[in-house]
Amino acid sequence: MNSDGTLDAFKLTMQASMEHTITHCMQALLAIASRRNTRCHPNRSGRCPRCGQGHLFSDLLKLRFHCEVCGLDYSHADPADGPAFFVIGFVCIPTVILALWIEARFGRPYWAHLVTTLPLLLLTCIRPCGR
């Protein structure tokens, strides 16, 4: 690359390569953005991944056995202990942290936890029986 001609040719080649790469990436991003109805999209609203009409859940944390519209079998997607993990992770742990904070910060007697922490734990973990 001693002469100006080879340096200019190299710059043009690199510029064309960069433009091609950017164009290709933009086309791929536009293609992804245009596909709004993907397999995951209906599941955000709790709908069947095949038809988008039937419900995935029969209860708050209970998966249906099949779609009531198209009959898709959901048995391959067994959540196992997933719902219980989320209840423990997002409800019970913060409540226990609150109880520990109240104890460390204020040094209240244990009966104060019966008034503050226990009702919060019961309200968030035990669902009301009637609908």
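**Exercise 1. Place Thr95 in the chain and decide whether this residue is buried or exposed.**

*Solution.* Start with the location: Thr95 sits in helix α2, where helices are DSSP runs (H or I, at least four residues; strands are E, at least two) numbered from the N terminus. This is a predicted model, in which local features need pLDDT of at least 70, side-chain atom pairs count only at pLDDT 80 or more, and totals for chains, interfaces and linings use all residues. Residues are numbered from 1 along each chain as its sequence is written, and side-chain values use heavy atoms, with hydrogens and water left out.

Next, take the cut-offs: buried means under 20% relative accessible area, exposed over 50%, and partly exposed in between (1.4 Å probe, protein chains only). Thr95 has 5% relative accessibility, so this residue counts as buried.

Finally, look at its neighbours. Leaving out residues up to four places away in sequence, Thr95 touches Thr117, Leu120, Leu121 and Thr124; contact means heavy atoms within 4.5 Å.

**Exercise 2. Check the span of helix α2, then describe its bend and its buried residues.**

*Solution.* First, the span. Helix α2 covers residues 82-106, which is 25 residues. The expected span is 1.5 Å times one less than the number of residues, so α2 should span 36 Å; the end C-alpha atoms are 35 Å apart, which agrees.

Second, the bend. A kink of about 35 degrees is centred on Ile88; the bend at a residue is the angle between axes fitted to the seven residues ending there and the seven starting there.

Third, the buried residues: Pro83, Cys92, Thr95, Ala99 and Ile102. Their cover includes α3 and α4.

To finish, step past the helix: Gly107 follows α2 and has a positive phi, near 60 degrees.

**Exercise 3. Which residues make the nonpolar surface patch, and which elements give two or more of them?**

*Solution.* Patches are made of residues with over 30% relative accessible area and no salt bridge (a side-chain nitrogen of Lys or Arg within 4 Å of a carboxyl oxygen of Asp or Glu). Like charges are joined within 9 Å, and nonpolar side chains (Val, Leu, Ile, Met, Phe, Trp, Tyr) within 5 Å. Areas come from the Shrake-Rupley method with a 1.4 Å probe; for residues, only the protein chains shown count as cover.

Here Trp111, Leu114, Val115, Leu118, Leu122 and Ile126 make a patch of about 640 Å². The elements giving two or more residues are α3 (110-115) and α4 (117-125). The largest share, 3 residues, comes from α3. Trp111 lies in α3 and is exposed, with a relative accessible area of 57%.
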